[in-house]
Structure formats: C-alpha cells, structure tokens
Amino acid sequence: MAQTIYVLNGPNLNLLGTREPEIYGRATLADVEKLCAETAAGFGLVAVCRQSNREGELIDWIHQARSDKAAGIVINAGGYTHTSIALHDALVGVQIPTVEVHVSNVFAREDFRHHSFIAKAAFASLCGFGIDGYRLAINGLAAKIGASAPA
Ligand SMILES: O=C1C[C@@](O)(C(=O)O)C[C@@H](O)[C@@H]1O
C-alpha cells in the first residue's frame, strides 16, 4: 500500500489567493493541495492535505499522522509558527520526519516572524519560494525517507 505524507496548513492559509497577494501570491489553497498531491504521487506517496485555523485540530492531525503511520509531514503552521510550543511538542512527540514551509520569506519580514517553534522539530525549513516551496519540501522529504518514483 502507498505510504502517506501529511500536508498540514495552519491559520489563514485558507485565504491564500486573496490574502495579501503581494506577499503570498495569487495561488489558492486548492492549488497548493493539487501541487502537493501531484508531487507526492511522483514519488509513489499519497498526500493527506488538511487545513485548520485551530491549533488543537492541527495537533490532533499530527497525532493522527503517527497512528496512520505517515512517512512524513510537511507543515506550514502560519502564525502559530511563531507562538506555538504545543505544535512543537506534538511534532517532537510523534517523531515523524518533518519539513517546515512558508510561502513568504519570513526572514525578510517583521522581527516577530524570525523565530519559529516549528523549526526545532523539523529536519528542514523552506521559505520564500511561494507555493513552489511545498513541491520542494516534498522532494526533500521523499529523498529523506527514501521514496522514489514508482516503476
Ligand atoms: O500565516 C502566515 C503565513 C506564513 O506561514 C507563510 O506561509 O509565509 C508566514 C507566517 O509568518 C504567517 O503568519
């Protein structure tokens, strides 16, 4: 059976496409999820894509990733990146290879975006590539977990 990866998007990412397009671009969350599904399929992986504006729901999905034996997690925790010890703890708790993604270059923005609680729980972090960051994250995750294109 195909291995799964979880692609988790946090608060306000449901507004991609209309939210501050000069920063986040015009692509929508549906575009992100399509890109993730296609990229994952290229490695024989199934992307389980979820978005929530609630911290607890994101934590529940991180736990679910473990019970589903997911091979990896790609997470854009949105604003919770900079505040959530609980999301950090959940990721550390499940011990699943994780890549952190941000659409914008958080280091070229306000100081409060320069710290990430997610980064310490991830083996890699990507930012500033727009939604292509999700494709790059899945490529890197696939390499990390040894997933390759189906024959
Ligand atoms: O909601 C978001 C989106 C974001 O995670 C990004 O994808 O660039 C960056 C965060 O600082 C911000 O709160």
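**View 1. The buried residues of helix α2 pack against three elements: β1, β2 and α5.** This is a predicted model. The packing partners are β1 (3-9), β2 (45-51) and α5 (132-145). Five residues of α2 are buried: V32, L35, C36, T39 and A40. They cover an arc of only 125 degrees around the axis, so they lie on the same side of α2.

**View 2. The other side of α2 carries exposed residues.** A30 and E38 sit there, and both are exposed. Residues such as V32 and A40, by contrast, are buried.

**View 3. Helix α2 from end to end, residues 29-41.** The helix has 13 residues. At 1.5 Å a residue, they should span 18 Å. The end C-alpha atoms are 18 Å apart, which agrees with that expectation.

**View 4. The elements around α2, in chain order.** The protein chain holds five helices and five strands. Starting at the N terminus, the order is β-α-α-β-α-β-α-β-β-α. Contacts often join distant parts of the sequence: among those with a separation of 6 or more, 76% link residues 24 or more positions apart.

**View 5. The whole protein chain, for orientation.** Its C-alpha atoms fill a box of roughly 45 × 30 × 20 Å along the principal axes. The chain has 151 residues, and 38% of them count as buried. A compact globule with that many residues would have a radius of gyration near 15 Å; the protein chain has 14 Å, which agrees.

Conventions:
Residues are numbered from 1 along each chain as its sequence is written. This is a predicted model: local features need pLDDT of at least 70, side-chain atom pairs count only at pLDDT 80 or more; totals for chains, interfaces and linings use all residues. Helices (H or I, at least four residues) and strands (E, at least two) are DSSP runs, numbered from the N terminus. The radius of gyration is taken over C-alpha atoms; the globule rule is 2.2 Å times the number of residues to the power 0.38. A residue is buried if 20 or more other C-beta atoms lie within 10 Å of its own, exposed if 12 or fewer, and partly exposed in between; C-beta atoms are placed from the backbone. Two residues are in contact if their C-beta atoms, placed from the backbone, lie within 7 Å. The expected span of a helix is 1.5 Å times one less than its number of residues. The arc is that of the directions from the helix axis to the C-beta atoms.
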